Amino acid sequence: QGAFVVLCDHAGNATPASLGVAPETLWTHVAFDRGALELSRDLAEALEAPLAFPTVSRLVIDCNRATDRADLIATETEFGAVPGNLDLPAAERARRIAEVHAPYHDAVSGLVQRRREMGLRPLLIGVHSFAPVLRGSARPWHVGIIFRRDAGLAASVADRLGGVMGLQVGLNVPYRPEDGVYYTLERHAERLGLPSLMLEVRDDLLET
């Protein structure tokens, strides 16, 4: 019944065989954010908050991208091409939007609206994880806090994570909102003048 709403855009790795992706790839960061769903569930419980997440892999469609972006449906990954996404017919693209992307965002909208009707000011938290090494580049942070407008909120969380828990925290790393990764929070928080924050946790820290 609280004001928080927890979101996990890349929670699942469900993928049809027609996508042509090797089974071992489905357990890597290119298919989903490893450990992010478990962390999201713990966070939602601690905050007495609802949790929304899609179960379909980001390789099918990325729910944290605008529908007009080229990377909404990936054709290439760190581990090679995604055969089932190459030369994708417009009708199949539209079907994935209608069956996965739109229902997820409708659900998020509903959670935000219900809190506003309760007289609360929702605060949205997006939970993600990142690989410690990507395309040969090391990413040393334990946690990245991604933000655009809510610098005070980001600084407060960074202070707690770094000062109290001793984690190595970076602001707007390993991604920035300008990289297109803030779509969900922009759509459901920023456009409504609501506070938001994205947590990026290094996935090797979430294995246990």
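The expected span of a helix is 1.5 Å times one less than its number of residues. In this predicted model, helix α2 (residues 90-117) offers a good place to apply that rule. Its 28 residues should span 40 Å at 1.5 Å a residue, and the end C-alpha atoms of α2 are 38 Å apart, which agrees. The helix does bend along the way, by about 35° at isoleucine 97. Just after α2, glycine 119 takes a positive phi of about 85°.

Helix α2 lies across three strands, namely β1, β2 and β5 (123-130), and runs at about 170° to β1. Buried residues of α2 are Arg96, Val100, His101, Tyr104, His105, Val108, Leu111, Val112 and Arg115. Their cover includes β1, β2 and β5, together with helix α4.

We turn next to the sheet. Six strands form an open sheet in the order β2-β1-β5-β10-β8-β9, and the pairing is mixed. At its edges are β2 (51-52) and β9 (169-171), each of which pairs on one side only. Strands of a sheet pair through backbone hydrogen bonds, either parallel or antiparallel. Beginning from the β2 edge, β1 (residues 4-7) and β2 are parallel and share two bridges, with valine 6 having leucine 51 of β2 as its bridge partner. Strand β1 also pairs with β5 in the parallel sense, here over four bridges, and leucine 7 stands opposite glycine 126 of β5.

The parallel pairing continues from β5 to β10, which are joined by seven bridges. Along this pair, histidine 128 stands opposite glutamate 200 of β10, while phenylalanine 130 has arginine 202 of β10 as its bridge partner. On moving to β8 (residues 143-146), the sense changes: β8 and β10 pair antiparallel over four bridges. Isoleucine 145 stands opposite leucine 199 of β10 in this pairing.

How many of the residues of β5 are buried? Eight of the eight are, so β5 is largely enclosed by the rest of the structure. In a regular strand the side chains alternate between the two faces of the sheet. Both faces of β5 are covered, with Leu123, Ile125, Val127 and Ser129 buried on one side and Leu124, Gly126, His128 and Phe130 buried on the other. Strand β10 (residues 196-202) can be described in a similar way: seven of its seven residues are buried, so β10 is largely enclosed by the rest of the structure. Its two faces are both covered, one carrying Ser196, Met198, Glu200 and Arg202 and the other Leu197, Leu199 and Val201, and all of these are buried.

Two aspartates in loops are also worth a visit. Aspartate 33 is placed in the loop between β1 and α1 (36-47). Its relative accessible area is 3%, and because buried means under 20%, aspartate 33 counts as buried. The side chain of aspartate 33 makes a polar contact of 2.9 Å with the side chain of arginine 58, and it also reaches the backbone nitrogen of serine 129 at 3.3 Å. Leaving out residues up to four places away in sequence, aspartate 33 touches His10, Arg58, His128 and Ser129. Two of these contacts, His128 and Ser129, belong to the buried residues of β5.

The other aspartate, at position 62, lies in the loop between β2 and β3 (76-77). Aspartate 62 is buried as well, with a relative accessible area of 6%. A polar contact of 2.6 Å joins its side chain to that of histidine 10. Beyond residues up to four places away in sequence, aspartate 62 touches His10, Asp71, Leu72 and His101. His10 is thus found among the contacts of aspartate 33 and among those of aspartate 62.

Finally, tyrosine 183 leads back to helix α2. Tyrosine 183 is found in helix α4 (residues 183-188) and is buried, with a relative accessible area of 10%. Its side chain makes a polar contact of 2.7 Å with the side chain of arginine 187. Setting aside neighbours within four places in sequence, tyrosine 183 is in contact with Cys63, Asn64, Arg65, Ala66, His101 and His105. For one of these, alanine 66, the C-alpha lies 6.4 Å from that of tyrosine 183, although the two are 117 residues apart in sequence. The contacts with His101 and His105 involve two of the buried residues of α2, whose cover includes α4.

How values were computed: Residues numbered from 1 in each chain as written. Predicted model: local features only at pLDDT ≥ 70, side-chain atom pairs only at ≥ 80, totals over all residues. Heavy atoms only, no water. Buried < 20%, exposed > 50% of the residue type's maximum accessible area, 1.4 Å probe, protein only. Contact = heavy atoms within 4.5 Å. Polar contact = N/O pair within 3.5 Å; in protein donor to acceptor, adjacent residues only side chain to side chain. Pairing = 2+ DSSP bridges. Axes fitted to C-alpha atoms, helices over the stretch in contact; angles between N-to-C directions. Bend = angle between axes of the 7 residues up to and from the residue.
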